[in-house]
Every structure is written in C-alpha cells, then in structure tokens.
Amino acid sequence: MPSSLAKERAWIEVNLAHLEDNVHAIQKVISPSTKIMAVVKADAYGHGSIEVSKYLNRLGIEDFAVATLEEGILLRENHIKGNILILGYTSPQNLRLVVEYDLIQTAVDKEYATRILHVPLKRKLKVYLKINTGMNRLGISYDDVDFIKEIYKKQEIDVVGMYSHFCVADSKEKENIEFSNLQQTRFNTLVKTLKTSGYNVGKVHMQSSYGILNYNENGSYDYVRPGIILYGVHSDTNAYVKRQIDLKPVLSLKAKITSIKEIEAGETVSYGRTYQASKQEKIASVSIGYADGYPREISNKGAKVVVNNQYAEIIGRICMDQLVINVTNISEIKVGDIVTLIGNTPFITAEEVAEKAGSITNELLCRLGTRLHKVYINKREEL
Ligand SMILES: *Cc1c(COP(=O)(O)O)cnc(C)c1O
C-alpha cells in the first residue's frame, strides 16, 4: 500500500512513548519480583499486536497473552520473543500448532485437561491450568484439589503454572469487593495447599487491570496480566480505582474534513433526518463512520470531536463511512483539516466515547476497524 494513504482518510495514531510510560507506571505499583504479562489479544485492543508486541519486546517484556491460537501464531511469525499464553480454547486437532509455534495452552476446564493428555504431539505441550474461583467462564474448580494435583503429576504434558481471573475487580460495591477477596483467598489457598504438599506449582497469577489497581499481590504472584491499562485508559469512567496510577492514552483516532456547507434553519442532516438546524449553520462531513468502528450508537448524543483545537458536535446519524459535524463556531476550517475523535489537545477520552456508546473502552478500542490505517509515533530513539 502506498505510504501516502496512511493519513488519506481515517487512521489510528499509536503513541509508543505513552505505551512505554504505562509499562513503567504499572511496574511501579507491583512488587519488584512480579513481571508484566502483556495482554495483546484482539490486535492489542486495536493498537496493532505486532508493532505493540515488538515495542514491548524491546522494552524487556518477555511474556504475552493472546486470546486465540491464530493471534499467537501471528506474533511468532513476526518474531516476537518470549512466552505467549493462549487464554482461550484450542481444539485438540490444532494443538500440534501450539507446540510448533512454541505457545502455551490454557487448560480451560477439567475435561479439556484430561483430553489433552491423550493428544499425540512431537513435543510436550506447555499448559497453564486455568482455575475457576467464581467467574464461572473457564477453569478447573478451585476446590478440585485432588484433580489439580493429579494433573501436575502427569508426564504427558508440561504444566508451567496456573492462573485465575477476577470478575468484579472494577467494582466499588462492598459485596463485590468481598467477592474479589473471596476469589483471591480461594486461589491463594489452592496455591498454598499444593506448595505445602510439595508440588512445584510453577508460575501463578490472577490480576488483570483492575486486579492490579485494586488488589495486592504482595509479591506472591509471578505475573500481572494488564490489558486495558497498558493502553492507558480505564474501562469506564465509573470504575473503582484504589491505586491511582498515571496512565497515558496510547491511541488517538483521526479523520479528515471532506466537505463544508451552509444549511438553513429547518434543514435536516443525514439518514433519518434526526437532526434539524434551528438556525443557519455551517456543517462539515468527516471521513469516518461505523464501518471503521466508530459506533453508530453515538449518533445524536451530543458527542464531540476536535477540529483546529476547538470542539465540534456530531450531528445526525453516523453513517457507514462518514459523519457530519456542526462547525458553525469554528474559525478557518477547510477541507483536509484533521478531525480528532479520540485523543488529546483538547481531550476527548476513550472513556467518554465508550460511555456514549453504552459500552466500555475495551470494546470500543478493539472494534476500531480494519479499514483504519495505523500510524506509530514517538518511538523512543534508542529503541
Ligand atoms: C482480557 C484478559 C485480561 C486483560 O484484561 P484487562 O481488563 O483488559 O486488563 C487478563 N486476563 C484474562 C484471562 C483475560 O481474558
């Protein structure tokens, strides 16, 4: 693709210096003995898993988590070094690829853990046991101690560790804090039980972003698994945060002004005629739409964008490839001017856009579409 197309229409700007700063901010609040396992699933939450992982490799991060086998293979094909954990299910017939690409598979439940013992492979499959401590999505039950011990003893596979996952670590409700503490107690007790019975449990971990911010590991975990905070944003504006850390948003979303016109009072804008001008107004079309992952749900909610350092409001329905903004009060606007939909100067946070879309930043960012180009900026020179 000709490089002049990168900023032709709509693109994501990924600030690698901010990614680096977030890594350091997270390292500051975890124990020195605990390492970061960077969660780069879903194309690194829309930031581009190859570039992001390469940069993290250069920063010394040697552990990654992905959701799928294919995501893991993509990283290996692009020479990402270190451990790569697949968090999700891989069908037994494709486990040979897990071995071939030197990935680590999660044993997603008891049945799966038993089944993988009988899959013939060239080398021993590296496996993490997922422990269900209350989320009830994946995992072997925390109280199935005898089974867990049995699996650790198996020679057919190489159990490298076990991990669990919080389900309400972002909530400040007393009941939910109690539940998170209960999950942690269940996991820690299991680890302790195995250790006192002489088992080498390998690596253990349980904290994703809000686990890191709200629940201490006290040096007892080998890893933390940050996703969303690595990218410098909170899941939503109301999330519970006990340990404030200085996060810097990594991603900006940009597009261009393609057409400017005046409309009279009473005229309507876009599909469905949902917006009607109350006076003469200057409006502009912008080259981004819901096919790029900017949610249609945001239509007619007073959402703002930034043009020439000034806020402008999105009016009418967001279309597949375009949207319209009110630029009546914006000085010196012209075709080709850059419009910021998420980003700074002045700020439009991913959190507020996600809130208007009735969602969380995790979903908003990872759904930013394949049609968007990615532009990587502020790579530190020595890296
Ligand atoms: C997605 C995921 C993470 C990262 O979650 P964030 O909330 O984005 O930090 C960590 N662990 C598991 C098992 C996950 O599925």
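Let me start with helix 3, residues 49-58, whose buried residues are Ser49, Val52, Ser53, Tyr55, Leu56 and Asn57. Buried here means under 20% relative accessible area, exposed means over 50%, and partly exposed lies in between, with a 1.4 Å probe and protein chains only. Helices (H or I, at least four residues) and strands (E, at least two) are DSSP runs, numbered from the N terminus.

Before I go on, please note that this is a predicted model, in which local features need pLDDT of at least 70 and side-chain atom pairs count only at pLDDT 80 or more, while totals for chains, interfaces and linings use all residues. Residues are numbered from 1 along each chain as its sequence is written, and side-chain values use heavy atoms, with hydrogens and water left out.

What do the buried residues of helix 3 pack against? Their partners are helix 1 (16-29), strand 3 (38-39), helix 2 (41-45), strand 4 (63-66) and helix 4 (69-77). Contact, throughout this talk, means heavy atoms within 4.5 Å. Just after helix 3, Gly60 takes a positive phi of about 100°.

Consider one of these partners, helix 1. The axes of helix 1 and helix 3 cross at roughly 55° and come within 11 Å. Axes are lines fitted to C-alpha atoms, for helices over the stretch in contact, and angles run from 0 to 180 degrees between N-to-C directions. The two helices are therefore oblique to each other. As for the terms, angles under 35 degrees count as roughly parallel, over 145 as roughly antiparallel, 65 to 115 as roughly perpendicular, and the rest as oblique. The crossing of helix 1 past helix 3 is right-handed; that is, the near helix is turned clockwise from the far one by less than a right angle, whereas anticlockwise would be left-handed.

Which residues make this contact? Helix 1 contributes Leu16, Leu19, Glu20 and Val23, and helix 3 contributes Val52, Tyr55 and Leu56. By class, six are nonpolar, none is polar and one is charged. Ala, Val, Leu, Ile, Met, Phe, Trp, Tyr, Cys and Pro count as nonpolar, Asp, Glu, Lys and Arg as charged, and the others, Gly among them, as polar. A general point helps in reading such lists: an α-helix has 3.6 residues a turn, so residues three or four places apart point the same way.

Glu20 brings me to the salt bridges. A salt bridge is a side-chain nitrogen of Lys or Arg within 4 Å of a carboxyl oxygen of Asp or Glu, and a search of the whole structure finds 16 of them. Glu20 is bridged to Arg380, with the closest N and O atoms 3.2 Å apart. Arg380 lies in the segment after strand 20 (373-377) and Glu20 in helix 1, so the pair ties together parts that are 360 residues apart in sequence. Are the two partners buried or exposed? Glu20 counts as buried at 8% relative accessibility, while Arg380, at 29%, counts as partly exposed.

A second bridge joins Arg371 and Asp292, whose closest N and O atoms are 3.0 Å apart. Arg371 lies in the loop between helix 11 (361-366) and strand 20, and Asp292 in the loop between strand 15 (281-286) and strand 16 (304-307), so this pair ties together parts 79 residues apart in sequence. Arg371 is partly exposed at 37% relative accessibility, whereas Asp292 is buried at 0%. Salt bridges that share partners join Arg9, Asp292, Asp321 and Arg371 into one network.

A third bridge, between Asp144 and Lys110, has its closest N and O atoms 2.9 Å apart. Asp144 lies in the loop between strand 8 (140-141) and helix 7, and Lys110 in helix 6 (residues 110-115), so the bridge ties together parts 34 residues apart in sequence.

That leads to helix 7, residues 145-153, which packs against helix 8, residues 174-196, at an angle of about 55°, with the axes 11 Å apart. The angle makes helix 7 oblique to helix 8, and the crossing is right-handed. Val145, Ile148, Lys149 and Tyr152 of helix 7 meet Leu190, Thr193 and Leu194 of helix 8. These residues divide into five nonpolar, one polar and one charged.

Finally, the buried residues of helix 7 are Phe147, Ile148, Lys149, Ile151 and Tyr152. Their cover includes helix 6, strand 7 (125-132), strand 8, strand 9 and helix 8. In strand 9 (residues 157-163) lies Ile157, which is buried, with a relative accessible area of 4%. Not counting residues up to four places away in sequence, Ile157 touches Ile116, Leu117, Lys124, Leu125, Val127 and Ile151.
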